[in-house]
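Here are some notes on the structure, set out as numbered points. They cover salt bridges, one helix pair and two single residues.

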Amino acid sequence: MSDRKILMIPGPIEVSPEVRAAHDGPPPGHLAPPVIEAFGSALEQMRAVWEAPASAQPFLIAGSGTLAMDMAAANLLQAGDRALVFGTGYFSDRMAEILRRYGADVATEDAPVGEAVTLSQVEVALEREKPKVVCVTHVDTSTGVRMNAPAVAAKARAAGALTVVDGVCATAAEALSMENGDVDIYLTGSQKAIGLPAGLALMVASERALATRDALALPPPYYLDFHQWRPIMKAYEAREKAYFATPATNLVRAAAVGLEQILSDRFDGETGIRARTARHAHVACAMEGAWQAYGLEHLCRAPADRGVTLSALEYPPGVGPALVAEVAKHGVVVAGGLHPERKADYFRVGHMGYAITRVDMLEKTVTAVGLGLNALGADVDVEAARNAFRTTYDSES
Ligand code: PMP
């Protein structure tokens, strides 16, 4: 590694040398055979990472996670339809705002900052609102709160609603299988646990989601319409030429490699996506050892409600947002708080994607946070934290 700082924010993140190599180079045309092959392979691999049935449709589109959120809203709802959003932070608030832009009648059920919405609240809200569509943020990057998205989706389905899960800070790190048909759209952006540079919106839509789009009275905005993209995705998966709007060809090449790396993972007796999610949980646990050694508290107090992709940690007494710059002096970029109500109270460390396979990067992060804390007078034991981290990290079975 050069003296370049490592990027340990909750996205964008470090990417593997193989992904970088696949991305680099002169831009290929969208009809070049290697791009068609990479596109087809990326879509097939998305089915495996999302654990999606054959009837579901993966979409890989130039844009960011917010584009995928917009597409979900535009293809499932029209003016007057009822939607219910479970609020766990900044990004679920964003989803509610997007839905309103499509004229949906949006109800929100919000948890206090740093908490998840409980499943009994979910049941009551479903009964009260009778929504067409339910939206849940799998891990809200602003708070570190994880919702039990599979359980919410099962309840929503039983209540006759469709479920959209924002997996931007979760997909390929938190367990979620589309196999049983409970989740209707699971969406993400390329710059998070999928392990690619920013610039792609990735989502898989269930058969019910596709049928819901078919039944809309008015078509969604042009670039967002499943009907425009679906024939293109089908063509690429069949390794045929297709054009609707120019794909991000370098990123498509990178996606084929990045998804392959996820699917070739082996960890704790598991393979593929299951290994990858288990590895993320293991690393989150190892990082937790270090945070405890530093005496740091999470914004999300309940361990069972914390995502594995990031740590949102409160500044200890006497330490504030200046910590982020102190940590950067030791070669690691972490992020400040994001939730509008609490952002001066905490900082965020990402641990997802390629970095979870790099013990040197994780250990450097633990060290840099400790040195930063010390510089601001917190007097923590960096060696003890590193040992706590290593003990768990090395306990990989
Ligand atoms: N949802 C979540 C949970 C996110 O973390 C983010 C990005 N940080 C978004 C949505 C929006 O994604 P993007 O910035 O790629 O548009």
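**Notes on the predicted model**

1. Arg 342 and Asp 345 form a salt bridge in which the closest N and O atoms are 2.6 Å apart. The model is a predicted one. Arg 342 counts as partly exposed, at 24% relative accessibility. Asp 345 is also partly exposed, with a relative accessible area of 34%. Burial here means a relative accessible area under 20% and exposure means over 50%, so the values of 24% for Arg 342 and 34% for Asp 345 put both residues in the class between.

2. How many salt bridges does a search of the whole structure find? The search returns 30. Among the residues involved, Arg 82, Asp 105, Glu 109, Arg 128 and Glu 129 are linked in a network of salt bridges.

3. Arg 279 pairs with Asp 265 in a salt bridge, with 2.8 Å between the closest N and O atoms. Arg 279 belongs to helix 10, while Asp 265 sits in the loop between helix 9 (249-263) and strand 11 (266-267), so the salt bridge ties together parts that are 14 residues apart in sequence. Arg 279 counts as buried at 11% relative accessibility. Asp 265 counts as buried too, at 8%.

4. A further salt bridge joins Asp 182 to Arg 157, the closest N and O atoms being 2.9 Å apart. This pair links distant parts of the chain, 25 residues apart: Asp 182 is in the loop between strand 8 (162-166) and strand 9 (185-189), and Arg 157 is in helix 6 (residues 149-158). Are the two partners buried or partly exposed? Asp 182 is buried, at a relative accessible area of 12%, whereas Arg 157 is partly exposed, at 36%.

5. Helix 10 (residues 272-294) packs with helix 12 (residues 359-375) at an angle of about 20°, and their axes are 11 Å apart. Angles under 35 degrees count as roughly parallel, and helix 10 and helix 12 are therefore roughly parallel to each other. The crossing of helix 10 past helix 12 is right-handed. On the side of helix 10, the contact is made by Val 283, Met 287, Ala 290, Trp 291 and Tyr 294. Helix 12 contributes Leu 362, Thr 365, Val 366, Thr 367, Val 369, Gly 370 and Leu 373. By type, the residues of this contact between helix 10 and helix 12 divide into 9 nonpolar, 3 polar and no charged.

6. Val 283, one of the helix 10 residues in that contact, is buried, with a relative accessible area of 0%. Leaving aside residues up to four places away in sequence, Val 283 touches His 351, Ile 356, Leu 362 and Tyr 393. Of these, Leu 362 is also listed in the contact on the side of helix 12. The C-alpha atoms of Val 283 and Ala 175 are separated by 15 Å, and the two residues are 108 residues apart along the chain.

7. Where is Gly 199 placed? Gly 199 lies in the loop between strand 9 and strand 10 (200-205). Gly 199 is partly exposed, with a relative accessible area of 24%. Not counting residues up to four places away in sequence, Gly 199 touches Ile 61, Ala 62, Gly 63, Ser 190 and Leu 251. From C-alpha to C-alpha, Gly 199 and Ala 248 are 7.7 Å apart in space, with a separation of 49 residues in sequence.

Notes:
Residues numbered from 1 in each chain as written. Predicted model: local features only at pLDDT ≥ 70, side-chain atom pairs only at ≥ 80, totals over all residues. Heavy atoms only, no water. Axes fitted to C-alpha atoms, helices over the stretch in contact; angles between N-to-C directions. Helix = DSSP H or I, 4+ residues; strand = E, 2+ residues; numbered from the N terminus. Parallel < 35°, antiparallel > 145°, perpendicular 65-115°, else oblique. Left-handed = near helix turned anticlockwise from the far one by under 90°. Contact = heavy atoms within 4.5 Å. Nonpolar A, V, L, I, M, F, W, Y, C, P; charged D, E, K, R; others polar. Buried < 20%, exposed > 50% of the residue type's maximum accessible area, 1.4 Å probe, protein only. Salt bridge = Lys/Arg side-chain N within 4 Å of Asp/Glu carboxyl O.
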